[in-house]
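Here are a few friendly notes to read alongside the model. Please have the coordinates open as you go through them.

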Amino acid sequence: MKTRVIMAVIFVSLGLIVAFVPENTTHPYKLDAEKMLELVYERAQFYSPDEIADMIVNKDPELQLIDVRKEDEYEKFSLPGAINIPISDLLSDDWRDYLDQDVKINVFYSNGTVLANEAWMITRQLGYQNNYVMEGGLNYWAEVITNPTPPKNVSPNEEFAKYDFRKGASQALGGGTVAASSDDFQQATAKPVIKSSPKKKRVAGGC
């Protein structure tokens, strides 16, 4: 039921975005509603919290986290290295060079998923293609990275490796009881295989 409600909200948001986002004459490539829905069903826009944690800890120069919440929420808490572009300012020319580029991998996040998904849909509708969403937002981040749940004793080894990775990442990012460096994290953690979706665009360089 929860999934259906989320999808319904996304579809309503999609309809409004397709109808009201201004035409972009710089980028002739503009997704229609059918193609956008296809991407939503494929979950092509998501990076998992594990992928994001791995990129933060390893200081991946391609990653640019974008907090689309209000400024006061951003100032109370944000992920390391994130910049704040409230969704209400997303169409401002001040942020265009950040959103419309092929160097950084922009990953939107909010408390949940809906607001960040709206930011992704707006930028895709404008023709900007190097923007994504952190799956589950900060609520899911807190659940799986900040406070990961230990696996049951009968769980497969992969689950223990994933838990150890998340616990190490939490400590390296200041979420655990001991603040660790990225080197400590890499030495102490049995890192699981983190699968990155091949459809995501990875480009060299930084800005």
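1. Two residues to look at first are Arg-166 and Asp-50, both of which are buried (under 20% relative accessible area, with exposed meaning over 50% and partly exposed in between; 1.4 Å probe, protein chains only). They form a salt bridge whose closest N and O atoms lie 2.8 Å apart (a side-chain nitrogen of Lys or Arg within 4 Å of a carboxyl oxygen of Asp or Glu). The pair joins distant parts of the chain, 116 residues apart: Arg-166 sits in helix 8 (residues 157–172) and Asp-50 in helix 3 (residues 49–57). Helices (H or I, at least four residues) and strands (E, at least two) are DSSP runs numbered from the N terminus.

2. A note on the basis: this is a predicted model, where local features need pLDDT of at least 70, side-chain atom pairs need 80 or more, and totals for chains, interfaces and linings use all residues. Residues are numbered from 1 along each chain as its sequence is written, and side-chain values use heavy atoms, without hydrogens and water.

3. The structure has 5 salt bridges. Among them, Asp-67 pairs with Arg-69 at 2.7 Å between the closest N and O atoms, and both residues are buried.

4. Asp-100 and Arg-96 also form a salt bridge, at 4.0 Å. Here Asp-100 is partly exposed at 25%, and Arg-96 is partly exposed at 28%.

5. Mean pLDDT (the predictor's confidence in each residue, from 0 to 100) is 78, with 68% of residues reaching 70 or more. Confidence is lowest in helix 9 (residues 182–188), at a mean of 41, and highest in strand 3 (residues 83–84), at 98.
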